[in-house]
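Me: Hey, can you walk me through this one? I'd like to start with what's hiding inside.
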Amino acid sequence: MSNEIVFFDLPSKPPCKCWSLNPWKTRLALNFKGLPYKTEWVEYPDIKSKFQDHLPPVDLYTIPAIIMPDGTWVMDSWKIADVLEEKYPEPSLRLNSPYIQRLKEHMVEMNPHITAIYKPKVCKLVLNEPSAQYFRKTREVDEGMTLEQLEEEKGGAKAWEAAKPYLQKITELLKENSEGPFFEGKTVGFVDFVWAAVLFFFSRFGEDVFADLLKASGDGDAHLKFLEGVKPWSERDDH
């Protein structure tokens, strides 16, 4: 039996690299734990047919997912983190960190204000054509308008202005331990990978969009130093 984990990720336009925030969380955890894995890229419309015979029935099959060396399939970045921590406890992801719940709460508050920024850009800038068509169709149903309308009516500067209070709460949380650069000072854990995933996600939309995020955060340097701290586990992003 191979000790290699199979990791399902969403491909991007060439050069194909990790881009989506949920797969980034899993990829960072795998890299942090130093586990052998191979990436299998799956376009959005192919996910259901690839997964449905191996996982319990659900309304929506999602990425990330992994196949453990014993053949067990696991879907959802949070469930994957639990399984990885149980099977490979060192180095620890620190899943009991109180910062995880605090960060999640701020992200839930922020998300409705930034969907008009990222949904149109994912479709236009990141996805290959099969996934772009699927993404457009499903997200336009969710939003009740075209992605172009969404961007025009709710995106841009007004979206960042609405998101600013929640982004700045995250900045305050990140700076709570002044020794930094991580949420728990010099100790890295899954909470850091959750936030790094968001930053990597927005960086894929161009320097101007990422600069807008840093500006709205209230202290861009804190987030750039944070990303520099995470760098050892983010360098493997394309295989």
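Reply: Sure, and keep in mind that this is a predicted model. One bit of vocabulary before we go in: Ala, Val, Leu, Ile, Met, Phe, Trp, Tyr, Cys and Pro count as nonpolar, Asp, Glu, Lys and Arg as charged, and the others, Gly among them, as polar.

Me: Ok, so how many cavities of 30 Å³ or more are there in the whole structure?
Reply: The search turns up one. The volume of this largest cavity is about 30 Å³.

Me: Which residues line the largest cavity?
Reply: Its lining is made of Met110, Ile114, Trp160, Leu167, Trp195, Val198, Phe202 and Leu213. Helix 4 (98-126), helix 7 (156-174) and helix 8 (190-203) are the elements that each give two or more of the lining residues.

Me: Which helix gives the most?
Reply: Helix 8, with three residues.

Me: And by class, what's in that lining?
Reply: Eight nonpolar residues, no polar ones and no charged ones.

Me: New topic: how many disulfides?
Reply: Zero.

Me: Why don't Cys16 and Cys18 bond?
Reply: A disulfide needs the two sulfur atoms within 2.5 Å. The sulfur of Cys16 has its closest cysteine sulfur in Cys18, 9.1 Å away, so that's too far for a bond.

Me: Are those two buried or exposed?
Reply: Cys16 is partly exposed, at 25% relative accessibility, while Cys18 is buried at 3%.

Me: Last one: where's Ser131, and what does Ser131 touch?
Reply: Ser131 sits in helix 5 (residues 129-143) and is buried, with a relative accessible area of 1%. Not counting neighbours within four places in sequence, Ser131 is in contact with Glu43, Tyr44 and Pro45.

Terms used:
Residues numbered from 1 in each chain as written. Predicted model: local features only at pLDDT ≥ 70, side-chain atom pairs only at ≥ 80, totals over all residues. Heavy atoms only, no water. Buried < 20%, exposed > 50% of the residue type's maximum accessible area, 1.4 Å probe, protein only. Helix = DSSP H or I, 4+ residues; strand = E, 2+ residues; numbered from the N terminus. Contact = heavy atoms within 4.5 Å. 1 Å grid on protein atoms, 1.4 Å probe; cavity = no way out; pocket = protein on both sides within 12 Å on 5 of 7 lines; lining within 4 Å. Points joined across faces, edges and corners; volume = space filled by probe spheres on them.
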